[in-house]
Amino acid sequence: MSDDGLLPSQKYRLDLQYIGTPFLGWQSQPQGGSIQDHLEAALTTILRHKVRVTGAGRTDTGVHAEHQVATFATPVPYVERAWIKSLHGLIPREIGITSLRPVDDAFHPILSAQGKAYRYRVWTGITRNPWMDACSWQVVPPLDLEAMKAAAQVLVGTHDFTSFCAVDSSAKTRERTVLRVAIESYGPLLEFWVVGRGFLKQMVRTMVGTLVDIGLGKYQVADIDAMLEARDRRTAGRTAPAQGLTLVRVFYEDDPLAFEIFAPTPSFAV
């Protein structure tokens, strides 16, 4: 107990999933409506004091997460089952808590992260699939898959990704390291997997949009190098819609699945 009679605060790690469709992204908004806003309001009610939540990444409006990590601190004694049950009673059903546990104060969801894996789904069927509407981008014209795969490999490595970053990004540096870009085909479903050390605002969506534009013949594989060198958002392709993107995993040193060799597996039965 501290000198003022209060218990010292303990940091907790919150692992969660969410369907991003009804939310204004991860980051707190003045009008509310973000995942962070819902979590902070629920924790404040449960713990009876103001709670601030820090997340591992600021997913945009409409972007989903199969694995997001956040932390908060409280002096209230830890009761895992009761906290999780109470959270699920207060937050929207589109958000699910997968674990909640105490962590060392040195753990930081952003600074301790070693990398992230994203998946982007593109539906290429000529008919509409309502099951895929909320989590994919429908692109009907035929796509040159081999050209997209070749262009994807040019994006692997450490580059200045200014051309693939939202113009309003506040990032101090635009250099990032992409470890893997893979495109998997399951009938009419394409899954773009991007694994890297860190990402800029809308970077993955712009990478996918550009690769799709190459598949449609709007750009050539050789254009990727020029886009990177230009460091100008106007030179790259479109930004793919938010609903097709999912944050699949945030990697930490103690993660049993090494992100350097992260391999996608079919995630949707076509």
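How many aromatic pairs does the structure hold? Ten aromatic pairs, as it turns out. Quick caveat before I go on: this is a predicted model.

Let me pick out one of those pairs. Y12 and Y78 sit 5.2 Å apart, centre to centre, with 35° between the planes, and that makes the pair tilted. If you haven't met these numbers before, a pair of aromatic rings is described by the distance of the centres and the angle of the planes. What I like here is where the two rings come from: Y12 belongs to strand β1, while Y78 lies in the loop between β3 and α2, 66 residues apart, so to speak, and the pair links distant parts of the chain. Are the two buried or exposed? Y12 counts as buried, because its relative accessibility is just 3%. Y78 is partly exposed, at 32%. Both tyrosines also belong to one aromatic cluster, along with F72 and W83.

OK, strand β1, since Y12 brought us there. This strand covers residues 10-18, and seven of its nine residues are buried, so the rest of the structure largely encloses it. Who are its partners? On one hand there's β3, residues 64-74, running antiparallel to β1 and joined to it by eight bridges. On the other there's β4, residues 95-102, again antiparallel, with seven bridges to β1. D15 is a handy place to look: it stands opposite V69 in β3, and its bridge partner in β4 is S99. While you're looking at strands, remember that in a regular strand the side chains alternate between the two faces of the sheet.

Now the inside. The largest nonpolar core has 67 residues, and the ones with the most contacts inside it are L16, L39, F72 and F192. Which helix gives the most to this core? That's α4, residues 203-215, with seven residues. You may recognise F72 from the aromatic cluster a moment ago. As for L39, leaving out residues up to four places away in sequence, its contacts are L14, L16, W26, V53, I91 and I97. There's also a second, separate core of five residues, and W123, M132, C135 and L189 are among them.

That brings me to cysteines, and my last point. How many disulfides does a search of the whole structure find? Zero. C135 counts as buried because its relative accessibility is 17%, and the cut-off for buried is under 20%. C165 is buried too, at 0%.

That's my tour, thanks.

Conventions:
Residues are numbered from 1 along each chain as its sequence is written. This is a predicted model: local features need pLDDT of at least 70, side-chain atom pairs count only at pLDDT 80 or more; totals for chains, interfaces and linings use all residues. Side-chain values use heavy atoms; hydrogens and water are left out. A nonpolar core is a set of buried Ala, Val, Leu, Ile, Met, Phe, Trp, Tyr and Cys residues joined through side-chain atoms within 4.5 Å. Buried means under 20% relative accessible area, exposed over 50%, partly exposed in between (1.4 Å probe, protein chains only). Helices (H or I, at least four residues) and strands (E, at least two) are DSSP runs, numbered from the N terminus. Contact means heavy atoms within 4.5 Å. Two strands pair if DSSP finds at least two bridges between them. A disulfide is a pair of cysteine sulfur atoms within 2.5 Å. Rings of Phe, Tyr and Trp (its six-membered ring) pair if their centres lie within 6.5 Å; planes under 30 degrees apart count as stacked, over 60 as edge-to-face and the rest as tilted.
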